[in-house]
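I opened this model to look up a handful of residues and the packing around them. My entries follow in the order I made them.

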Amino acid sequence: MRFEKNVEEKYTVIKLLEEKLDSRISPSLKSEFINLSALGAKNVILDLEAVKYADSSGLSSILTGNRIFNHDGTFIICGLSQHVNKLITISHLETVLNILPTCDEAIEAIFMDELEDEITQQEGF
């Protein structure tokens, strides 16, 4: 699996560099999510800008990331192609997944979530 990983203090961005998110790529992506979680990653952005095609195993890997990181953090997918967006809509996952148009918007959303968490903790809620 070809990808770029950018680890920052508050988030990690995984940018897939593959055109297909299918059964060939999906196990590696799931493994990367598990490794990131084991290393303490809390907020993960999956940038799918280069991905033009996804199948059910690709959706499964996305849902794995969602399940792992939405427990104590935030998992956002961004940069969806028309095909991938349509597959997510057909699967009725648009209400389950946190989807934003761009990576920059995803980063902003994570900072907002972190700020809200800090305020909530300070107020004792």
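Entry on glutamate 114. I listed what glutamate 114 touches beyond four places in sequence, and got Lys10, Lys42 and Asn43. The model is predicted, and I read every value below as computed from it. I found glutamate 114 in helix α4, which spans residues 103-123. Its relative accessible area is 12%. The cut-off for buried is under 20%, so I put glutamate 114 down as buried. I then looked for a polar partner: the side chains of glutamate 114 and asparagine 43 are joined by a polar contact of 2.9 Å. Asparagine 43 thus appears in my notes twice, in the contact list and in the polar contact.

Entry on the helix pair. I asked at what angle α1 and α2 pack. Helix α1 covers residues 26-38 and helix α2 covers residues 56-69; the angle is about 10 degrees and the axes are 8 Å apart. Angles under 35 degrees count as roughly parallel, so α1 is roughly parallel to α2. From α1, I noted Ser26, Leu29, Lys30, Phe33, Ile34, Leu36 and Ser37 in the contact. On the α2 side they meet Ser57, Gly58, Ser60, Ser61, Thr64, Gly65, Ile68 and Phe69. I sorted the residues of this contact by type and got 6 nonpolar, 8 polar and 1 charged.

Entry on the cores. How many residues does the largest nonpolar core have? I recorded 22, and the residues with the most contacts inside this core are Leu21, Phe33, Leu46, Leu48, Ile62 and Phe75. At least two residues of this core come from each of β2 (12-16), α1, β4 (43-47), α2, β6 (74-78) and α3 (82-90). There is also a second, separate core of 9 residues, with Tyr11, Val13, Ile45 and Ile76 among them. In soluble globular proteins, nonpolar side chains tend to be buried together. I followed leucine 21 further, leaving aside its neighbours within four places in sequence. Its contacts are Leu16, Leu29, Leu48, Val51, Tyr53, Ala54, Asp55, Gly58, Ser61 and Ile62.

Entry on phenylalanine 3. I located phenylalanine 3 in strand β1, residues 3-7. Is phenylalanine 3 buried or partly exposed? At a relative accessible area of 27%, I logged phenylalanine 3 as partly exposed. Not counting residues up to four places away in sequence, phenylalanine 3 touches Ile14, Lys15, Leu16, Leu17 and Glu32. I checked the pair with leucine 17: the two residues are 14 residues apart along the chain, and their C-alpha atoms are separated by 4.9 Å.

Entry on two helix residues. Serine 28 sits in helix α1 and is partly exposed at a relative accessible area of 32%. I took serine 81 as a distance partner, 53 residues apart along the chain; the C-alpha atoms are separated by 21 Å. Arginine 67 is in helix α2 and counts as exposed, at 58% relative accessibility. From arginine 67 to glutamate 105, I noted 38 residues in sequence and 21 Å in space, C-alpha to C-alpha.

Entry on histidine 92. I placed histidine 92 in the loop between α3 and β7 (98-100). Phi of histidine 92 is near 60 degrees, and I flagged this positive value because the residue is other than glycine. Histidine 92 is exposed, with a relative accessible area of 58%.

Methods
Residues are numbered from 1 along each chain as its sequence is written. This is a predicted model: local features need pLDDT of at least 70, side-chain atom pairs count only at pLDDT 80 or more; totals for chains, interfaces and linings use all residues. Side-chain values use heavy atoms; hydrogens and water are left out. Axes are lines fitted to C-alpha atoms, for helices over the stretch in contact, and angles run from 0 to 180 degrees between N-to-C directions. Helices (H or I, at least four residues) and strands (E, at least two) are DSSP runs, numbered from the N terminus. Angles under 35 degrees count as roughly parallel, over 145 as roughly antiparallel, 65 to 115 as roughly perpendicular and the rest as oblique. Contact means heavy atoms within 4.5 Å. Ala, Val, Leu, Ile, Met, Phe, Trp, Tyr, Cys and Pro count as nonpolar, Asp, Glu, Lys and Arg as charged, and the others, Gly among them, as polar. A nonpolar core is a set of buried Ala, Val, Leu, Ile, Met, Phe, Trp, Tyr and Cys residues joined through side-chain atoms within 4.5 Å. Buried means under 20% relative accessible area, exposed over 50%, partly exposed in between (1.4 Å probe, protein chains only). A polar contact is a pair of N or O atoms within 3.5 Å; within protein, one must be able to donate a hydrogen and the other to accept it, and residues adjacent in sequence count only if both atoms are side-chain atoms.
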